[in-house]
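Here are a few notes to read alongside the model. I hope they help you find your way around it.

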Amino acid sequence: MPHEQSVSPDSPPRGSTQPRVQAFVEHLANVCEDRGARAILRRAAAFDPGEYVPAFPFVEPFLPEDTPESERRAFYLCAMLYAMHGQHQQGRSLAKAFGALWRKKDQRPSLEKRFIALLEADADGLSEHLRQIVMLLKEEAFDHAALLTDLRELMKPYTTERQNRIRARWAKDFYRSETRATDASTAADTSEPAATPLP
């Protein structure tokens, strides 16, 4: 069973951050096939990220020795959210998925307020706001690797210019219709062939 398999600390790619992030999400997909392991990661929602000891075996092997505490918390938060949600769609941000839900619900004000609260949340508040939003995204898949990449910056205990850019991008993704964005992209691309997705 997935939760009984050991992961060597050196097995995740170490050459760059993005391969490690992608490998971690693929690892979570495998782990969460086991109901017991998934339950452990979901129970971590009752604790601050990185403080639920039973979740350690599923995350620590992917964290180098010099991992900053903010990044460690980001990986644990991602693991908990994946266990709660379990639907991964590469290239579709959480903000896009939540924006699609908002439009399906006739732009319900309460959903928009949740999203605004997420944008305003600091590092300590992100976990609770994201947990509430992911619970609503039962039928909307999103890119968990992209979310983890953003969380590695957003979980820092101080404000950075990158954090502001991430929040601005999330707002654009939420309010812009996916269909309209796709049409605009297609219209703009008149001379070059479409990019081939990475394997």
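1. A word on terms before the fold itself: a contact here means heavy atoms within 4.5 Å. With that cut-off, take the contacts in the protein chain with a separation of 6 or more: residues 24 or more positions apart account for 73% of them. Please keep in mind that this is a predicted model.

2. The overall make-up is quickly told. The protein chain has 10 helices and 0 strands, and along the sequence the pattern reads α-α-α-α-α-α-α-α-α-α.

3. How much of the protein chain is buried? Of its 199 residues, 44% count as buried. The area that the protein chain exposes is about 11100 Å², and carbon and sulfur atoms supply 50% of that area.

4. Helix α4 deserves a look of its own. It runs over residues 69-85, 17 residues in total, and its first and last C-alpha atoms lie 24 Å apart, close to the 24 Å expected at 1.5 Å a residue. This helix is mostly covered, with 16 of its 17 residues buried. Gly86 follows α4 and has a positive phi, near 75°.

5. Now to helix α6, residues 109-120. Its 12 residues should span 16 Å at 1.5 Å a residue, and the end C-alpha atoms are indeed 16 Å apart, so the two values agree. Which residues of α6 are buried? Leu111, Phe115, Leu118 and Leu119 are. These residues sit on the same side of α6, because the arc they cover around the axis is only 100°. The general rule behind this kind of pattern is that an α-helix has 3.6 residues a turn, so residues three or four places apart point the same way.

6. The other side of α6 tells the opposite story: Pro109, Lys113 and Glu120 are exposed there. As for the buried residues of α6, what covers them includes α5 (94-104), α7 (126-136) and α9 (161-175).

7. Last, the largest pocket, which has a volume of about 190 Å³. Where does its lining come from? Helices α4, α8 (144-154) and α9 each supply at least two residues of it. If you would like to pick out the lining on screen, look for Ser70 and Glu71, then Thr149, Asp150, Arg152, Glu153 and Lys156, and then Arg162, Arg165, Ile166 and Arg169. Two of these helices have come up already: α4 is the one with 16 of its 17 residues buried, and α9 is among the helices that cover the buried residues of α6.

Methods: Residues numbered from 1 in each chain as written. Predicted model: local features only at pLDDT ≥ 70, side-chain atom pairs only at ≥ 80, totals over all residues. Heavy atoms only, no water. Helix = DSSP H or I, 4+ residues; strand = E, 2+ residues; numbered from the N terminus. Buried < 20%, exposed > 50% of the residue type's maximum accessible area, 1.4 Å probe, protein only. Areas by Shrake-Rupley, 256 points an atom, 1.4 Å probe, with all protein chains shown as cover. Expected span 1.5 Å × (residues − 1). Arc of directions from axis to C-beta. 1 Å grid on protein atoms, 1.4 Å probe; cavity = no way out; pocket = protein on both sides within 12 Å on 5 of 7 lines; lining within 4 Å. Points joined across faces, edges and corners; volume = space filled by probe spheres on them.
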